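Here is a short briefing on strand pairing. Keep the sequence and the 3D view open as you read.

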Amino acid sequence: MAFIHLDVRCLYTLLICTAFGSVPSNAEIKVNPPEDFEIVDPGYLGYLSLQWQPPLFLDNFKGCTIEYELKYRNIDSEHWKTIITKNLHYKDGFDLNKGVEAKIHTLLPAQCTNGSEVRSSWSETAYWTSPEGNLETKIQDMDCVYYNWQYLLCSWKSGMGVHFDTNYQLFYWYEGLGRTTQCADYIKINGKNMGCRFPYLESSDYKDFYICVNGSSESHPIRPSYFIFQLQNIVKPLPPEYLSLTVKNSEEINLKWSIPKGPIPAKCFIYEIEFTEDDTTWVSTTIENEIQITRTSNESQKLCFLVRSKVNMYCSDDGIWSEWSDEQCWKGDIWKETLIFFLIPFAFVSLFVLVITCLLLYKQRALLKTIFQTKKEVFSHQETFF
């Protein structure tokens with residue numbers, strides 16, 4: 001009879017748990033990690049696909065939404081990127097100069113378990129490009145500049161100790177470009193490809209821009225180099241033009257300049273101003289194309305400034321300063337300058353007129369003296385005759 005009562009109690013407990021959608025706490029729930037986890041390289045110079053298959057034995061969780069926690073990084077990085085997704089793949093960019101590692105596990109939400117999230121063990125994978133050539137054969141000093149947000153130019157130097165027959169090729173890709181493309185306009189130095197002028201890059205802003213520079217030589221293999229840029233972060237604008245320096249009164253000075261020409265919106269600029277008052281120079285920044293300053297001394301005789309521009313943090317994460325503009329100066333009192341401007345030529349003209357007048361008077365005096373002397377001699381001769 002006691003066994004019957006025990007069975008009734010167990011059945012009662014089971015019915016309660018079923019009614020509230022839970023299972024006893026001592027029933028351990030497990031889920032397997034995803035299957036066939038791998039990193040696939042589609043040939044886009046670092047844009048890789050991480051993909052996997054659902055875990056085994058999910059029949060008991062058909063009504064549940066399964067999620068996956070994915071972590072990945074380049075092998076030398078200290079920080080993992082973490083993604084929670086319901087999909088069976090994820091794509092991102094990686095530096096192929098280094099290895100890539102990733103791990104993933106399955107997540108069961110709390111409503112499918114005993115009230116707390118259940119995670120599987122990790123499934124791990126890694127990816128390396130096949131290294132070719134010694135590390136010293138890679139190109140050096142890669143430098144890419146997106147001039148005025150209009151055209152991209154990249155340049156580099158040869159690797160260390162490469163053979164004289166070594167030449168380089170550049171390939172690039174960004175999302176939206178149908179395929180990996182080779183540079184069509186190389187910059188050549190002594191017949192070698194040492195840079196690339198890119199064509200118009202449609203819809204390339206705010207996307208990862210992938211570049212690979214590899215090389216060829218009959219004597220030894222060349223190690224390829226991989227780079228990832230976002231073009232808006234390497235923009236170098238034009239310098240401002242039409243600088244204006246106005247001294248409003250004994251203290252206030254107005255500095256103004258035009259917005260650089262080109263497609264960059266006015267709201268995307270930050271400016272650096274270098275202002276000089278006599279022998280003192282200071283630097284300031286502003287997002288406006290005008291600034292008011294105060295003179296440190298009413299006796300200052302020389303005020304000069306120049307300005308340069310860069311894309312600001314509202315339009316990019318970084319940027320490159322433009323060249324400095326031409327210098328604009330104000331020297332001393334404008335009335336003194338005007339007076340000196342007119343007095344010096346007037347003095348020269350007056351002196352010239354005075355010299356000419358003196359010469360004419362001297363010649364006229366000499367002529368009159370000659371005429372008078374001639375007449376005197378004629379009169380003397382007539383008196384002697386009579």
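In which sense do strand 18 and strand 19 pair, and over how many bridges? The two strands pair in the antiparallel sense, over four bridges. Note that this is a predicted model. The points below follow strand 19 to its pairing with strand 22, then turn to a sheet of four strands.

**Strands 18 and 19**
- Strand 18 covers residues 244-247, and strand 19 covers residues 252-256.
- A hairpin links the two strands. Four residues make the connection from strand 18 to strand 19.
- To find the register, start at Thr246: Asn254 in strand 19 stands opposite.

**Strands 19 and 22**
- Strand 19 also pairs with strand 22, which spans residues 290-294.
- This pairing is antiparallel and runs over five bridges.
- Here Ile253 faces an isoleucine: Ile293 in strand 22 stands opposite.

**The open sheet of four strands**
- Four strands form an open sheet in the order 21-20-23-24. The pairing is antiparallel.
- Strand 21 (280-286) and strand 24 (328-331) are the edge strands. Each of them pairs on one side only.
- On average, neighbouring strands of this sheet are turned by 15° against each other, with direction ignored.

**Strands 23 and 24**
- Strand 23 takes in residues 302-311. Its pairing with strand 24 is antiparallel, over four bridges.
- Which residue of strand 24 stands opposite Lys302? Lys331 does, so to speak, as the partner to look for in strand 24.

Definitions and conventions: Residues are numbered from 1 along each chain as its sequence is written. This is a predicted model: local features need pLDDT of at least 70, side-chain atom pairs count only at pLDDT 80 or more; totals for chains, interfaces and linings use all residues. Side-chain values use heavy atoms; hydrogens and water are left out. Two strands pair if DSSP finds at least two bridges between them. Axes are lines fitted to C-alpha atoms, for helices over the stretch in contact, and angles run from 0 to 180 degrees between N-to-C directions.
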